[in-house]
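Hello,

Here is the structure I promised to pass on to you. Have a look at it first, and then read on for what turned up when I went through it.

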Amino acid sequence: MRESSSITFGRWGARRRRLGDWGGRLALPVLDRLLSRSGLHSLDSDLGRSRLAALEHAIREGRETYVLGIGVGIHNSGAALVRVSPQGTVELVCNEEEERYTAIKHCMDYPEHSLDAVKARLQALGVEPQELAACVSNWDYAPT
């Protein structure tokens, strides 16, 4: 039965899994270095750990902080602004999806209009972009 189903549905999965694992172990450090030169850092990088420590420190000191989230290239692109209160609670300030502005369902383009809306919200709140605790994204494609 199994042989006939593979003939009908085709083969799936990696043919040479060890070769793929080996290639990933070689490529990921190179990719991390290239992305860090472009200003993109993973959470487990030195910069990522320091930004997370700064956010935790701000919460312990009782300061209000903001985090910007950007989602690109998956289902719906968009941007969101989150406020972390002095008590450590998290509040969604705004969530802007690009499809609202482009009228394209499931728009996966760079969220230019969404970021403009978040920027306007930051200005209304009196928060400068350099005051953001962190900018986070969904671009982490590290193996699980």
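**Cysteines first**

There are 0 disulfides in the structure. Two of the cysteines are worth a look all the same. Cys-94 has a relative accessible area of 5%, so it is buried. Cys-107 counts as buried too, because its relative accessibility is 2%.

**How far to trust the model**

Please keep in mind that this is a predicted model. The average pLDDT of the protein is 82, and 86% of the residues score at least 70. Where is confidence lowest, and where is it highest? The low end is helix α1 (residues 2–9), with a mean of 55, while helix α5 (residues 112–125) is at the top with 94. Where pLDDT is low, the predicted coordinates should not be read in detail.

**The overall layout**

The protein contains 5 helices and 4 strands. Starting at the N terminus, you will meet them in the order α-α-α-β-β-β-α-α-β. The protein has 144 residues, and 24% of them count as buried. If you take the contacts with a separation of 6 or more, 47% are between residues 24 or more positions apart.

**The sheet**

The 4 strands form an open sheet with mixed pairing, and their order across it is β3-β2-β1-β4. At the edges are β3 (90–97) and β4 (134–137), each of which pairs on one side only. On average, neighbouring strands in this sheet are turned by 20° against each other, ignoring direction.

Here is how the pairs work out, going across the sheet:

- β2 and β3 are antiparallel and share 7 bridges. Within this pair, Gly-78 is opposite Glu-97 of β3.
- β1 and β2 are also joined by 7 bridges, in the antiparallel sense. Here Ile-70 has Ala-79 of β2 as its bridge partner.
- β1 (residues 65–71) and β4 run parallel and are joined by 4 bridges. In this pair, Leu-68 is bridged to Cys-135 in β4.

Two helices go with the sheet. Helix α3 (residues 46–61) packs on it and touches β1, β2 and β4, with its direction at about 140° to that of β1. Helix α5 lies across β1, β2 and β3, and runs at about 25° to β2.

Both hairpins have a glycine to look out for. The hairpin of β1 and β2 has 6 residues between its strands, and Gly-73 there takes a positive phi near 80°. In the hairpin of β2 and β3, with 5 residues between the strands, Gly-88 has a positive phi near 90°.

**Strand β2 and Arg-83**

Is β2 mostly covered or mostly open? It is mostly covered, since 6 of its 7 residues are buried. Arg-83 is found in this strand, which spans residues 78–84. The relative accessibility of Arg-83 is 16%, and the cut-off for buried is under 20%, so Arg-83 counts as buried.

Which side chains does Arg-83 reach with polar contacts? One is the side chain of Tyr-66, at 3.0 Å. Another is the side chain of Glu-91, at 2.7 Å. Beyond its neighbours within four places in sequence, Arg-83 touches residues that include Glu-64, Thr-65, Thr-89, Val-90, Val-93 and Leu-125.

**Pro-111**

The last stop is the loop between α4 (98–102) and α5, where you will find Pro-111. Its relative accessible area is 0%, which means that Pro-111 is buried. What surrounds Pro-111, once neighbours within four places in sequence are left aside? Its contacts are Ile-70, Gly-71, Val-72, Ser-77, Gly-78 and Glu-98. Gly-71 is 40 residues away from Pro-111 in sequence, yet their C-alpha atoms are 7.8 Å apart in space. Gly-78, another of these contacts, is the residue that stands opposite Glu-97 in the pairing with β3.

That is the tour. Enjoy looking around!

Best wishes

Key: Residues are numbered from 1 along each chain as its sequence is written. Side-chain values use heavy atoms; hydrogens and water are left out. Buried means under 20% relative accessible area, exposed over 50%, partly exposed in between (1.4 Å probe, protein chains only). A polar contact is a pair of N or O atoms within 3.5 Å; within protein, one must be able to donate a hydrogen and the other to accept it, and residues adjacent in sequence count only if both atoms are side-chain atoms. Contact means heavy atoms within 4.5 Å. pLDDT is the predictor's confidence in each residue, from 0 to 100. Two strands pair if DSSP finds at least two bridges between them. Axes are lines fitted to C-alpha atoms, for helices over the stretch in contact, and angles run from 0 to 180 degrees between N-to-C directions. A disulfide is a pair of cysteine sulfur atoms within 2.5 Å.
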